[in-house]
Amino acid sequence: MNRKILLFSGIIAVFVFLAANCNSKDSTTEITQEAPKHKRNQECPHLAAADSTTMIFPNPEKNNCVSCHKGIEPIRDPASGMMQEIYHMAAKIGFKDNECIVCHGGNPNTLDKEQAHSGSVASLTSLNGADEFYPDPASVWINDKTCGMCHQEQVSTQFTSLMFTEAGKIQGTTWGFGGIQGYEHNVANVAVKEVEAHKRLGSEVYKKYIEELKTAEPQVFPKAMKDLPQAPTPEELDKNPALAVYSYLRADCQRCHTGVKGHNAAGDYRGTGCGSCHIPYSNKGLYEGNDPTIDRKKNGKLLVHSIQSSRDAPVKVHGKEYSGIPTKTCTACHNRGRRIGVSYEGLMESSYTSPFMSNADDQQQIHKKNYIHLQPDVHLTKGMVCQDCHTSGDMHSLGDLAGAIQGAVEIECQDCHGTPTQYPWELPIGYGDEIVGTAPKKGVPRGVSDSVECYLYKGWVAPKNDGYLISSRGNAMPHIVKKGNDVILYSASGKDIKYSPLRKLAEEDKLSLKGKVAMTQVKSHIDKMECYACHATWAPQCYGCHINIDYSKPKLRTDWVEVAKSADKHGQTIDARMLSKEGLETLQKYLLSGDVSEQRSYLRWEDPPLVVNGDHRISPGIPGCQTTVTVKDRNGNLKLLNHIFKIPHVEGAGEEGQLAIDISPVQPHTTQKEARSCESCHNNPKSMGYGIEEGKLYNDPSKNFVMDLLDADGNTIAEQVDTQFNAIPNLKMDWSKFIDSNGVQLQTVGHHFTGSRPLNKEELSKLDRRGVCMSCHNTIPDKDLATDLLSHVAQYADVKIDNKTHGKILNKSIRIAAWAQVLFGMLVPIFVGFLCLRWWKKRNGH
């Protein structure tokens, strides 16, 4: 990067620390019918005062930390605004050449390792409250004293982030164990309340909008969440085996929240707190930097000692340079559940280990799974990373508690692409996010913004051009701008991606024929469907989730929730220390008895079914946990075996209950430019909810199946036989079938938002075009005089009817029939009128 630009960015960011107390007014004004640009009435103070600062470059030879950590990578470029602020803070407390202590604390006045890695200096404590050495300054448990010195906005809301609470995962998992929480999303890893109203982030437009969502869906947007219950005691398990869900959650599901580092497995290595995203870890979790004190052969280490964030924060590794947060960082967590991270990369998990590796071994596992490679998302192939779409609020939270992904994410496809008739800035707030009301949202245009929220200027903000685009919930997006009737995305990866919104493509006749038909000829597609209902061409479908919780096995599993609460004064949780200082006795409270294992029935990826999501729009759906539960107590007694719970009085069921297996609406993150075919929806019973091949059963899953010597009547001959396939008593249909031919719901469809449901009869009547062939061919070629004659003419004229010709014939036939009906409809009244007039004239002697 040009040094002048670096110098300028460094000067601008010197006053970042002052900006932390910025209370700028909202970046938007009231929207009028003229759709004005949104304006800020008060500029961020650090922008106006940035020309009075000199650059600081400390002397590394006087840095006691570097005397041991020789060769360690700079956390940021020395000329960057962030490093300049750190240098200034170090100088302010009297340690100009020991800037490491600003983030790490500790005692820089000694070369003794033990002394250096304990306590802190008084001047630093008075500055930020730091009174200890922090090996990992990003730890969520102490980062108010480190990252929060400058970034207190994000740190102040981190505990309300869905990546910390995991409330949706908890509610979804307990749903499969009998709906223990019902629809309430009021349980988190750690009890938390939403941030006080005056301290929440976001524009005034956003704040007003989110309150409407809270009123409409209070079960998803609670004011507070309570602690996740403990794993059950043996006595509690005897009384209610469904409580085994809390062992399952704590030992398996909850390892991804930002309060812990997660487990040590290829692809899952990551940091904690801010470092979960902002510190690079490779799949192998090996250090590849130049600090001689860091073990290069031990897993679980950061790749290099550098922060990855925005496009002005390049990370250098082995002479290579990149910017932004790589997708692989996100997939360290987003590889289970909806699997949106690995799907974005084009990875679909598989039971197979082929093709073989270069040494002829099986394919190496990542995230403890094997994969096949399908089409990655088109945004990835264009060079985009996750943060290019997902906003700071999506990830850090804006201080509101949201118990499900759809509640936490503020962006929609139309925010950047618009529709064929409206540019993004012509759409109203809430378009595409119709959690309240029905789609499509009507209202005045949202316009563009002259600026973004004050605290976002601490990161990289794009040049505004004609204004910043605004999310569906009313926040200006700092990396996406309007330029004329085009849009420029300034990717964190360093790429500038200029593209034309849909309206411009339509006006310039640049849409494909299929695109025109789907989006302009059939306008209800745009009005009532998510864009990705068509453009997500595949989605991971894991049918049947079989969970076995066995308390009779002596195996001990990590309790990831208790581990999160174990943070010491250095901000380290027990998982970072269990291999060194702590003995088994100390660890006991962080371990759970029993073994947890999972299996599937089968996997699919093609033609995901269609459902209605919480936005009241038609969306793809995937199995969202079709849970069958097996529980064995500590004495080896079966408490549950292949059990599917039922939940009374939900989703079309009465007292008998609805099966607690779920098809979940999803944004698959597998978007392609070329959408799925019309036939994949309109001629496919799976897409309608009727199941693969209309839910055809090849064998009844509710009955045992024995494969052994059988007589002619199917009776076993031997006495010592095993059941090959054990019964799942409550399962009477295929996993992929969630409505029957009468529209009766057979399993739940989404259990977060009230709008989630299967397609209703009206929607199915518009979607279902099965049997169209029969409507013509039941009389072709010889059941009707006219078609019989044409068939013979075609036969003797040797007319070849391929698919293209067949389409022309259908189109011509429909147009002829339409004109005939129109003309008939016009001529008949005229003819009748003529006869009436003639009769009247004759009667009256004219």
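# A guided tour of the predicted model

Begin at the surface by selecting Lys804, Lys808, Lys812 and Arg815, which gather there in a patch of positive charge. The model on display is a predicted one. Within the patch, centre the view on Lys808, which belongs to helix H34, spanning residues 803-843. Is Lys808 buried or exposed? Its relative accessible area is 54%, so Lys808 counts as exposed.

## Strand E17 and its partners

Next, select residues 618-632, which make up strand E17. How many of its 15 residues are buried? The count is 12, and the strand is thus mostly covered. Keep E17 highlighted while its pairing partners are added in turn.

Add strand E12, residues 538-550, which runs parallel to E17 and is joined to it by six bridges. To locate this pairing in the viewer, display Asp550 together with Lys632, its bridge partner in E17.

Now add strand E16, residues 610-612. E16 is antiparallel to E17, and three bridges join the two strands. Leu610 is a suitable residue to pick here, since it can be shown with Pro620 of E17, which stands opposite. The connection between E16 and E17 is a hairpin with five residues between the strands. Select His616 in the turn of this hairpin, where phi is positive, at about 60°.

Strand E21 comes next, at residues 661-665; its pairing with E17 is antiparallel and extends over four bridges. On E17, pick Gln626 and look across to Ile661, the residue of E21 that it stands opposite.

Finish the set with strand E18, residues 638-643, which pairs with E17 in the antiparallel sense through three bridges. Here Val631 faces Leu640 of E18 across the pairing. E17 and E18 also form a hairpin, with five residues between the strands. Which residue of this hairpin takes a positive phi near 85°? Select Gly636 to see that residue.

## Three salt bridges

Side chains of opposite charge can pair when their charged atoms come close. The model contains 43 salt bridges in total, and three of them serve as the next stops.

Select Glu211 and Lys214. These residues form a salt bridge in which the closest N and O atoms are 3.2 Å apart. Both lie in helix H12, residues 204-216, and because they are three residues apart, about one helical turn separates them. Glu211 is partly exposed, at 34% relative accessibility, whereas Lys214 has a relative accessible area of 9% and is buried.

Move on to Arg336 and Asp252, a salt bridge with its closest N and O atoms 3.2 Å apart. This pair links distant parts of the chain, with the two positions 84 residues apart in sequence numbering. Arg336 is found in the loop between helix H16 (327-331) and helix H17 (340-344), while Asp252 is found in the loop between helix H14 (245-251) and helix H15 (275-278). Arg336 is partly exposed, with 23% relative accessibility; Asp252, at 7%, is buried.

The third stop is the salt bridge of Lys328 with Glu345, where the closest N and O atoms lie 3.2 Å apart. Lys328 is part of helix H16, and Glu345 sits in the loop between H17 and strand E6 (347-350), so this contact ties together parts that are 17 residues apart in sequence. Lys328 is partly exposed, at 24% relative accessibility, and Glu345 is buried, with a relative accessible area of 14%.

To see a wider arrangement, select Asp252, Arg255, Arg336, Lys553, Arg557, Asp595 and Glu598 together. Salt bridges with shared partners join these residues into one network.

## The sheet of E1, E3 and E2

For the last stop, display the open sheet of three strands, which has the order E1-E3-E2 and mixed pairing. Which strands lie at the edges? They are strand E1 (187-188) and strand E2 (192-193), each of which pairs on one side only. Add strand E3, residues 224-227, and inspect its contact with E2: the two run antiparallel and are joined by two bridges. Close the tour by selecting Val192, which stands opposite Met225 of E3.

Notes: Residues are numbered from 1 along each chain as its sequence is written. This is a predicted model: local features need pLDDT of at least 70, side-chain atom pairs count only at pLDDT 80 or more; totals for chains, interfaces and linings use all residues. Side-chain values use heavy atoms; hydrogens and water are left out. Patches are made of residues with over 30% relative accessible area and no salt bridge: like charges are joined within 9 Å, nonpolar side chains (Val, Leu, Ile, Met, Phe, Trp, Tyr) within 5 Å. Accessible areas come from the Shrake-Rupley method with a 1.4 Å probe; for residues, only the protein chains shown count as cover. A salt bridge is a side-chain nitrogen of Lys or Arg within 4 Å of a carboxyl oxygen of Asp or Glu. Lys and Arg count as positive and Asp and Glu as negative; His and the chain ends are not counted. The place of a charge is taken as NZ of Lys, CZ of Arg, CG of Asp or CD of Glu. Buried means under 20% relative accessible area, exposed over 50%, partly exposed in between (1.4 Å probe, protein chains only). Two strands pair if DSSP finds at least two bridges between them.
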